[in-house]
There are 4 protein chains.
Amino acid sequence: MCGIFGVIGHEDAARLTYFGLYALQHRGQESAGIAAWDDESSTAHYHAGMGLVPDVFTEEHLRALPGRTAIGHVRPSTTGRPQLRNAQPLVARMRGGVQVALAHNGNLTNAAEIRRELEDEGCIFQTTIDSEIFVHLIARALTYNTMEEAIQIACNRVEGAYSLVIMADDRLIAVRDPHGLHPLSIARMGESWVFASESCAFDLLEAEYLREVEPGEMVVVEPGANAFRSIRFAEAKKVRQCIFELVYFARPDSRVFGEDVYQCRKCMGRNMMRESMADAECVIPFPDSGIYSSLGAAQEAGVPYEHALIRNHYVGRTFIQPSQSMRQFSVRVKINPVRSMIENRSLYVVDDSIVRGTTIRTRVAKLRQLGAKAVHFRVSSPPIKYPCFYGIDFPSPKELIATKYDPAQIAEMLGLDSLHYLSLEGLLASVSHPEDYCTACFTGDYPTPLPEVQDKMSLEHRSAPRCGC
Amino acid sequence: MCGIFGVIGHEDAARLTYFGLYALQHRGQESAGIAAWDDESSTAHYHAGMGLVPDVFTEEHLRALPGRTAIGHVRPSTTGRPQLRNAQPLVARMRGGVQVALAHNGNLTNAAEIRRELEDEGCIFQTTIDSEIFVHLIARALTYNTMEEAIQIACNRVEGAYSLVIMADDRLIAVRDPHGLHPLSIARMGESWVFASESCAFDLLEAEYLREVEPGEMVVVEPGANAFRSIRFAEAKKVRQCIFELVYFARPDSRVFGEDVYQCRKCMGRNMMRESMADAECVIPFPDSGIYSSLGAAQEAGVPYEHALIRNHYVGRTFIQPSQSMRQFSVRVKINPVRSMIENRSLYVVDDSIVRGTTIRTRVAKLRQLGAKAVHFRVSSPPIKYPCFYGIDFPSPKELIATKYDPAQIAEMLGLDSLHYLSLEGLLASVSHPEDYCTACFTGDYPTPLPEVQDKMSLEHRSAPRCGC
Amino acid sequence: MCGIFGVIGHEDAARLTYFGLYALQHRGQESAGIAAWDDESSTAHYHAGMGLVPDVFTEEHLRALPGRTAIGHVRPSTTGRPQLRNAQPLVARMRGGVQVALAHNGNLTNAAEIRRELEDEGCIFQTTIDSEIFVHLIARALTYNTMEEAIQIACNRVEGAYSLVIMADDRLIAVRDPHGLHPLSIARMGESWVFASESCAFDLLEAEYLREVEPGEMVVVEPGANAFRSIRFAEAKKVRQCIFELVYFARPDSRVFGEDVYQCRKCMGRNMMRESMADAECVIPFPDSGIYSSLGAAQEAGVPYEHALIRNHYVGRTFIQPSQSMRQFSVRVKINPVRSMIENRSLYVVDDSIVRGTTIRTRVAKLRQLGAKAVHFRVSSPPIKYPCFYGIDFPSPKELIATKYDPAQIAEMLGLDSLHYLSLEGLLASVSHPEDYCTACFTGDYPTPLPEVQDKMSLEHRSAPRCGC
Amino acid sequence: MCGIFGVIGHEDAARLTYFGLYALQHRGQESAGIAAWDDESSTAHYHAGMGLVPDVFTEEHLRALPGRTAIGHVRPSTTGRPQLRNAQPLVARMRGGVQVALAHNGNLTNAAEIRRELEDEGCIFQTTIDSEIFVHLIARALTYNTMEEAIQIACNRVEGAYSLVIMADDRLIAVRDPHGLHPLSIARMGESWVFASESCAFDLLEAEYLREVEPGEMVVVEPGANAFRSIRFAEAKKVRQCIFELVYFARPDSRVFGEDVYQCRKCMGRNMMRESMADAECVIPFPDSGIYSSLGAAQEAGVPYEHALIRNHYVGRTFIQPSQSMRQFSVRVKINPVRSMIENRSLYVVDDSIVRGTTIRTRVAKLRQLGAKAVHFRVSSPPIKYPCFYGIDFPSPKELIATKYDPAQIAEMLGLDSLHYLSLEGLLASVSHPEDYCTACFTGDYPTPLPEVQDKMSLEHRSAPRCGC
């Protein structure tokens, strides 16, 4: 999962992008980059680095990125070794000297095949990310086509998930794949046009949210334009937006896919509780992921919401390893329970999902140790059983607890008095257009052909691909 | 306000101290320091630096701090310029080569006078902090006294607030001033004894909380001891513990002054709501300070708690200045409201206190702009009108909004539909021993003589002293 | 000018490369990079950064670069803004998944033309350096050719200066352009083969110098091979090695172009003095560039060599700007004269070249101020009048003092009693094969067609190109 | 050995001090510090840090050190662990609020005894350096005396080596011990007065050298004064200046003890050669320490000076450890011989001293390996046999090769054809006032009582004390 941002028509475009990325920081903490078009020198300047946005950019960097058009990208940490050359935006010179910068969110499913083809034809790949495929496809199509045509040709060649912001010299182009797997929205800010993965970036800039870029739509903004042009580059396909954005990934104060994330999560909490009431005295979230569904759950159950697992806000930075005797320290350092709210009480404990289950097991054991009378665990989404090929970085299926065990077994393994996952129906009942979502991680029903995989069975035994953007 | 920590009897004492300071990080982010006694070289090693605990210490630093006794300190940022030489613990060699390290939380009220006296007698001061006064007083008393006597002599000479952990060669000594202004507790962890400002540090280490160090008590632990010795160094004075620790400063998962902070804050919220109900639809806290009283308030009022002001967890690090046109950016970057929870709704908005009022004004304006029907602001403590001379770093009285305006005026200035502060009675009704608290910042009733100040009137016009520890 | 290094057949290839680059540090201080082939994962790992070799690489970086084949590159600072993405080696994946890393020293003269062609055909350029042209040409030729053929095809397409070390998966290939403009040598170190720009890198590793890679030669070493294969990829052209390497650039303890640099420089000093004796009492070099020709000059003149301009070895790092009143501080901070050796004495002062003349003017004024009776300036190379298109980063001709003024004028401008430049004949008499050198910067006689330049006159008014490697 | 600097009467005093320390950087690379008196706030501001001057201070630091009086200090690395709190200047508040900053070069011989006394009387020591003793002695004397008297009282209490610059509020005071063991000079720069360990600091600032501070003299400069006051605080003792400053420590372009260092070293080289000619063909220095005596030696012997051991100027920074197989790498990386000047030749090789002999052994072996016909080693000072108690950080006598072996044995151990040390007579003949020097490291004849040592024999077996300033 990545965060992308673009702006055109503002005298301090790189600075706006910096702040836009700041608001999207939750979508990626490994690297950050900004490219800006400098009219005076007719050059796309560029800076990227490893780390958080405020650590990567100094005032000096921003001053070296003048211009009225800019795009930016934040990238999450992945399991492999971090490499600066994979940081985006990618910047390349093409036919006629045009300078193209591209920021991509999503994974392609036919990347390996296209990469092989391009290499056979003499292309070189300097990074390991899917995004470089776009750049090559555009450059090659440019020989006989305009930039807009070339981008469409590239998009029609790839399969999978891609939200893109592209800076072609001083123009800004935004694209969303035909299934609309990942979000991308448009806003207006004075004379400027702004694009971002989530609307929270608009709020920070006080830009006015207009609408989503549509699945299969390319939006082109020329410098100085009072309107953008919209181009449909693909036939209507079934829209299949990533429901996990609503469950977990997006910020609760964002609007994505036209949905209010906060309300969606509360609704998931309500539906979850409706499906499985117990007799607990209060609802306690795992912070911060369980907070919003807990609010709905508590309101539905008519019991108090208690914020009784306290998060240490200074954690997240690296810290020194504890000694041998300090086991499960890293779990404990992040969250500490308020003993008086746990002891001798019967609790609903809520999170948005269970992945491996290891952290939860440790935390539940701690609640037991503090004297919890009962722990009724509630999860505001169905069990995750299948890998995502579109950009969500789940661990491999063999590490997913729900692939191997049913809820009853999981409840026993985690030491729970009861465990309930929100049903798929309940989940879909929490969004406005239930038919427009991809739920493949829960169901195995993928919207696109998969890369070199024969049957669903094998899926459960293969690793999810690493972030390709 | 500072955080102090000490441990004796653990083979990796400095590492435990590192984690103890990590848990106390909310009590000070400007500097951190650790001193440890190395038996092999009979030396007190020492490291301190500017910044957060994980930034100040590397694995290498901890390895250079061997030994079974250690103390540590975190110090908050103050308005003056940060200086490394003011970082604690202070370490000094005294008579007979004894090496004393001292960590102090609190401000003295007769510091200037003693400092002058000591200087006149030929003492030198290498820092600007009150804590150095203790070190000199101890060193001078040592000429004719034991270490324990010398510490008592020093304590009886000073006035004001002091919680101390002292490492004298391999011994550990903890002291709390006769009024008990700031907290300090004792815990047991296997063979080790642990001291910390708040019990959340014990939870992180899985040490067992025993009790507070009593006001006017000195606790001495020898290496290898199975028990500590308790010495009363001062006659019983009126206990006057800082109630602002419970209102704001301590972590909600801590026990301080024998109180459960989470429950106290919920109780403040309940009492606050009892005193002043309105007809709002939900309770929304300013995160994170308003969360716990909001929970009590919502439960008392019988309306939903909504976590609808979203905090950006990546803020707090330095960021680049926005351009001129991005006004009030620093307020916006920290907190973003969920529009759907604000628009056309009547709200209780809750925080633990109002200091200058400027941030609140901006945020309330934002709620209005998003369409809030009514904003009923509730504060879970009385108006702050007087400076603190014991270590809480309020701005000067002329910057405190409640010094100049009454609540009705403030409500108007902030654009509120209603404003209520928890009454002093309501506040004291939220704690177990209401008579044992200092409420001087609300009432001007100080437990000690003040430094060179004639009457209360002038107090309102003078600056609060900077942190002296 | 850059430094390149390669090694094959050593278990710690990246570490050897690190030390090789350390010895070549004088050839480039802006960026440093190493690529190594990891047999286990069949991956070319890579790290590069801005700054000096010991600042760019940590032990951790080297551990992340396992393998028996590695290449490295150091790059000098250029006038434009430093950009990490221009750091070498360039690493790219090509047809069949082969991973190619390339390190280049030299500038191409038909780079712009080829780049345009490649862009027209759909290639993308991610850097602004000439070296990327090689990578593209090789990748495209690979479609119908082997790697060795592809490299030859690429080399026959470009014109200008290129010494290359290329790692193609686990193989190592070294190439020198048909004119042999820049140096590249081969050495043997146990079972390993080592390539470096200068032999001082071999000395550091105690590798045994074998010979130069010949102009127009490609040397291929397979992993585990006991011999290398030599391929002539170009017809014999006139060898034109860069004589400025001998005058200034190479380290005095190096062997380049088969010449002993130290002896060459002494010989230049002798010839210079033979051409123009005066009656000075001693020879004083500008350190360190003038030291070696000064030794020859003093021996020829029969007067003492005096090391009387003292260099501050801590300079070179950034330092804070002096105040307005401290003029010419940056000249003074680097070199301080020994007054007793200057006062009332008649001096030969020696340097290897004069570029702008500004620093010299300041230093000569200082010598006058200290009471020098006469300053006879001697330069161990002819006047620099023409730009270099092969990689030496002279300032633009309009900044070269010798383009506009004759020696008599320069002597007057610099306040000298006499000035003599070594004649071209004297310079060529200092090397073993005078006919094998490029002297274009002195004569304007270039060995290759120049990029889009009509006549020599205009040359004097155009900027030298920036380092293209 | 340390470097000290002070300036009064310049609007940018801290900046001048920064540059002064820059010129004195060779006297200490471990830490650097500056204190400056800010008239506006009547405060002595202060900054110090670990590392080189340009790394410790930024523009921002200098701006935070306003004022017209400033002092500074650089400290060399010592064998113990580096500690920031030992960095100088020491800054302390004393009686009447006077703020004293003190920078000290030299070691005291009765430090332990005084420290014990002061501790017994209730003083605390926050550092482990002798310089803190001065601060305490001054503070205590202040009770009944003026600042000038107090400094004199302090100086009369201590024994050993001390050059001091002291800033007492806005005044500047410079002191040199009665033996004058270490240098300290005065210069004039416009309206300002400048003090520095060596005159090279004056040259950088273009200040005019006036004279040495005399042994036993205290110089006092008031702000705005057109003259300084000179006070003799001690009876005339035998002047015993450290001859090792002239042999090795001072910069060759400095004037110290009224001597021209460059000429002294050349003279030592001449005398050394007169005492022991051989039939070698040239003189080669170990750079940079052997350069200046080599010049004299070559001129005396009538054979060429050859600069044939090339120093890598990028070394000195930390570098990564070589692999096992790369033995003696750290010797090789610093110096590389020019083979053609070594092979089949008979050489004089020159250095200023031999300490342990290990590096020399490795280098001589290298010369042999390259084919040197004969190596005649010449040393421009006598054998070092005794520890220094005044601040030169020799290794302990048991590591000094000359303590255990006579020159013939050493020659054999190092693989030399001949070895000659300059005689004591020859050394003293190289300076203007031979009777005014301390030669204790060569002779064991110490100018002061030694700390707790009975007889000279035991001296040879005891460790030299670490730098006490």
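This passage describes how the chains of a predicted model are arranged and then turns to selected helices, buried residues and backbone features.

The arrangement of the chains is considered first. Two copies of a chain are related by a rotation about an axis and a shift along it. For chain A and chain B, superposition is achieved by a rotation of 180 degrees, with 0.0 Å of shift along the axis and an RMSD of 0.0 Å. This is the relation of a two-fold axis. Of the interface residues of chain A, 100% are also interface residues in chain B, so these copies meet through the same surface. Chain C is likewise superposed on chain D by a rotation of 180 degrees, with a shift of 0.0 Å along the axis and an RMSD of 0.0 Å. Here, too, 100% of the interface residues of chain C are interface residues in chain D, and the copies therefore meet through the same surface. Some chains are not in contact. Chain B does not touch chain C, and their nearest C-alpha atoms lie 15 Å apart. Chain A does not touch chain D, and the nearest C-alpha atoms of these two chains are also 15 Å apart.

Helix α10 was examined in chain B and in chain C. In chain B, this helix comprises residues 291-301, and 9 of its 11 residues are buried, so it is largely enclosed by the rest of the structure. The buried residues are I291(B), Y292(B), S293(B), S294(B), L295(B), G296(B), A297(B), A298(B) and A301(B). Their packing partners come from two chains: β18 (309-311) belongs to chain A, while α9 (261-275), β17 (282-285) and β20 (346-351) belong to chain B. After α10(B) comes G302(B), which has a positive phi near 75 degrees.

In chain C, the packing of helix α9 (residues 261-275) with helix α10 (residues 291-301) can be described by the geometry of their axes, which come within 6 Å and cross at roughly 45 degrees. This angle makes α9(C) oblique to α10(C). The crossing of α9(C) past α10(C) is right-handed. On the side of α9(C), the contact is formed by Y262(C), R265(C), K266(C), G269(C), R270(C), M272(C), M273(C) and R274(C). On the side of α10(C), it is formed by Y292(C), S293(C), L295(C), G296(C), A297(C), Q299(C), E300(C) and A301(C). Sorted by class, this contact of α9(C) with α10(C) contains 7 nonpolar, 4 polar and 5 charged residues. A general property of helices is useful in reading such lists: an α-helix has 3.6 residues a turn, so residues three or four places apart point the same way.

Two residues of chain D illustrate burial with contacts that reach into chain C. H26(D) is located in the loop between α1 (13-23) and β2 (31-38) of chain D. Its relative accessible area is 18%; because the limit for a buried residue is under 20%, H26(D) is classed as buried. Leaving aside residues up to four places away in sequence, H26(D) touches Y314(C) as well as E198(D), C200(D), F249(D), A250(D) and R251(D). D260(D) lies in strand β16 (residues 259-260) of chain D. With a relative accessibility of 16%, D260(D) is also counted as buried. With the same exclusion of residues up to four places away, D260(D) touches V338(C) and S340(C), together with S254(D) and R255(D). The C-alpha atoms of D260(D) and S199(D) are separated by 10.0 Å, although these residues are 61 residues apart along the chain.

Several backbone features remain to be described. Most residues other than glycine have a negative phi, and most peptide bonds are trans. In chain A, the peptide bond joining P287(A) and D288(A) is cis, with omega about -10 degrees. D288(A) is placed in the loop between β17 (282-285) and α10 (291-301) of chain A. A cis peptide bond is also present from P287(C) to D288(C), where omega is near -10 degrees. D288(C) belongs to the loop between β17 (282-285) and α10 of chain C.

Positive phi values are found in two residues other than glycine. E206(C) has a phi near 55 degrees and is situated in the loop between α7 (200-205) and β11 (208-212) of chain C. Its relative accessibility of 43% places E206(C) among the partly exposed residues. S42(D) has a phi near 50 degrees and occupies the loop between β2 and β3 (43-50) of chain D. At 42% relative accessibility, S42(D) is likewise partly exposed.

Terms used:
Residues numbered from 1 in each chain as written. Chains lettered and ligands numbered in written order. Predicted model: local features only at pLDDT ≥ 70, side-chain atom pairs only at ≥ 80, totals over all residues. Heavy atoms only, no water. Least-squares fit on C-alpha atoms with pLDDT ≥ 70 in both. Contact = heavy atoms within 4.5 Å. Axes fitted to C-alpha atoms, helices over the stretch in contact; angles between N-to-C directions. Helix = DSSP H or I, 4+ residues; strand = E, 2+ residues; numbered from the N terminus. Parallel < 35°, antiparallel > 145°, perpendicular 65-115°, else oblique. Left-handed = near helix turned anticlockwise from the far one by under 90°. Nonpolar A, V, L, I, M, F, W, Y, C, P; charged D, E, K, R; others polar. Buried < 20%, exposed > 50% of the residue type's maximum accessible area, 1.4 Å probe, protein only.
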